[in-house]
Every structure is written in structure tokens, then in C-alpha cells.
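Please walk through this model in order, from the pairing of its strands to the relation of its chains and then to its pockets.

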2 protein chains.
Amino acid sequence: MPVTLINVFSVPAAKEPEFVQWWQGVKEHITKQEGFISGTFHNSIKAESRFNFINVAIWENEEVYWKAYETSVTPMKAKLGELGVEMTPALYRVAFEY
Amino acid sequence: MPVTLINVFSVPAAKEPEFVQWWQGVKEHITKQEGFISGTFHNSIKAESRFNFINVAIWENEEVYWKAYETSVTPMKAKLGELGVEMTPALYRVAFEY
């Protein structure tokens with residue numbers, strides 16, 4: 001059963017360009033992982049929004065997601081720490097569409 | 001240009017059933033608004049996730065969203081206060097899909 005990773009980011013304004021550029025490489029890595037289906041990367045319209053970037057990605061199941069997570073979490077956390085980015089990721093089920 | 005509302009909720013565990021039931025009515029209201037395109041309501045797989053519900057809804061443009069917001073914000077905030085729910089909504093653009 002597919003799962004949705006929603007990753008909520010608070011990125012310091014001064015670091016936004018570097019964060020977005022870094023994400024291009026993250027995206028390249030993610031799309032090569034087994035079980036990845038698709039993703040949408042959102043940027044808040046108002047610069048001052050608490051969560052100024054949100055990533056929504058669909059994976060085939062929880063197991064493939066966690067396998068991909070293991071290959072990327074260490075360098076990802078290092079970079080986010082360097083940029084002062086707060087990240088809150090979690091896996092979700094679609095409760096309903098409307 | 002379409003905009004995406006992402007609304008991140010922290011719902012106390014004991015209030016989850018009531019929150020989900022209340023959302024059925026919210027959904028009915030939203031889908032009747034002019035300019036609403038579609039929505040996806042997510043529930044975290046792990047009960048202890050910081051944001052245990054996330055709503056992602058697509059609207060035709062910012063203007064129609066704010067018009068709909070005005071019709072629903074007052075009763076919505078009252079109910080969320082009663083349930084002890086913390087909500088962080090913001091409008092987003094899709095930066096890229098992958």
C-alpha cells in the first residue's frame with residue numbers, strides 16, 4: 001500500500017537559495033531509489049510562513065521508504081544542520097480524497 | 001495560477017475521532033466553494049507524529065481561497081480551540097514535481 005512522506009521545513013530566509021539548490025541534488029538521489037513513485041516540492045507564497053518548504057513524496061510502501069531513508073539520512077541531517085533548517089518528516093496514509 | 005493550501009494539524013490523541021468526524025462536515029463545506037479543485041487528507045501512520053493530520057488542497061487561485069477562508073474561519077477556529085488542536089495553514093506554489 002502506498003505511503004506519503006510529508007516533510008515540513010523551516011528554512012532561514014538567508015539560506016533559501018542554498019537550500020533550494022541543494023534540493024536539486026537530493027531530488028536526483030531520491031528519484032533513483034527503488035520504490036519511489038513521485039514527489040511535489042512546495043514553496044510558501046508568503047516568505048514569512050512558519051513552514052516555508054514542504055515536500056510531499058509517494059512511495060510504494062513503508063519498507064522501501066525506510067530503506068531509501070537509511071542511504072540518505074546522514075548527509076541530509078549534516079547539511080540541514082549547517083543551514084540551520086528545522087525538518088519534521090513523517091509518513092502518512094491518505095485518509096480520503098475530496 | 002493554482003495554489004496549494006497545506007494545513008498541518010497537531011490533534012490530541014483523545015480528540016482524534018471527534019476531529020475526523022468534524023472534518024467530514026468541513027469537507028462538505030469546502031467542496032461547495034467556488035474555485036476549489038481537489039483535496040487530500042492525510043493521517044500519520046505513527047500515532048505519535050508531531051503533525052498527525054495534514055490537509056493538502058488545490059484552489060484555482062489565491063483570491064478564491066481567501067474568499068472561501070472568510071466563510072469558514074470563525075467556526076473552524078472555535079471548533080479547533082475546543083478540541084485543543086494546533087493548526088498551521090499556509091498557501092504554497094508547486095516549486096517542482098519529480
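Two strands are taken to pair if DSSP finds at least two bridges between them. In this predicted model, β2(B) and β3(B) meet that condition, pairing in the antiparallel sense over seven bridges, and within this pairing B:N43 stands opposite B:F53 in β3(B). The strand β2(B) is also joined to the other chain, since five bridges connect it to β4(A), and these two strands run antiparallel. Across that junction between the chains, A:F96 has B:F41 of β2(B) opposite it.

How are the two chains related? Two copies of a chain are related by a rotation about an axis and a shift along it. Here a turn of 180° with a shift of 0.0 Å along the axis lays chain A on chain B with an RMSD of 0.0 Å, which is the relation of a two-fold axis. In chain A, the C-alpha nearest the axis belongs to A:V8, at 4.5 Å from it. Of the interface residues of chain A, 100% are also interface residues in chain B, so the copies meet through the same surface.

The record offers a further frame for chain A: an unreviewed UniProt entry lists residues 2-72 under "domain: ABM". Over that stretch of chain A the chain is 38% helix and 34% strand, and its end C-alpha atoms lie 20 Å apart.

Turning to the pockets, the largest has a volume of about 410 Å³. It is lined by 22 residues, of which the closest to its centre are A:V56, A:I58, B:T40, B:H42 and B:V56. The elements that give two or more residues to this lining are, in chain A, β1 (3-10), β2 (36-44), β3 (53-59) and β4 (86-97), and, in chain B, β2 (36-44), β3 (53-59) and β4 (86-97). By class, the residues of this lining divide into ten nonpolar, nine polar and three charged.

The second largest pocket has a volume of about 300 Å³, and of the 19 residues that line it, those closest to its centre are B:V26, B:H29, B:I30, B:S72 and B:M76. The elements of chain B that give two or more residues to its lining are β1 (3-10), α1 (16-31), β3, α2 (62-83) and β4. Among the contributions to this second lining, the largest share, seven residues, comes from α2(B). The lining of the second largest pocket has 13 nonpolar and six polar residues, with no charged residues.

Terms used. Residues are numbered from 1 along each chain as its sequence is written. Chains are lettered from A and ligands numbered from 1 in the order in which they are written. This is a predicted model: local features need pLDDT of at least 70, side-chain atom pairs count only at pLDDT 80 or more; totals for chains, interfaces and linings use all residues. Side-chain values use heavy atoms; hydrogens and water are left out. UniProt positions are given in the numbering used here, feature names are shortened, and annotations may be inferred rather than shown by experiment. Helices (H or I, at least four residues) and strands (E, at least two) are DSSP runs, numbered from the N terminus. On a 1 Å grid over the protein atoms alone, a cavity is a set of points where a 1.4 Å probe fits but cannot get out, and a pocket is an open set with protein on both sides within 12 Å along at least five of seven lines; lining residues have an atom within 4 Å of a point. Grid points are joined across faces, edges and corners, and a volume is the space filled by probe spheres set on the points. Ala, Val, Leu, Ile, Met, Phe, Trp, Tyr, Cys and Pro count as nonpolar, Asp, Glu, Lys and Arg as charged, and the others, Gly among them, as polar. Copies are superposed by least squares on the C-alpha atoms of residues with pLDDT of at least 70 in both. Contact means heavy atoms within 4.5 Å.
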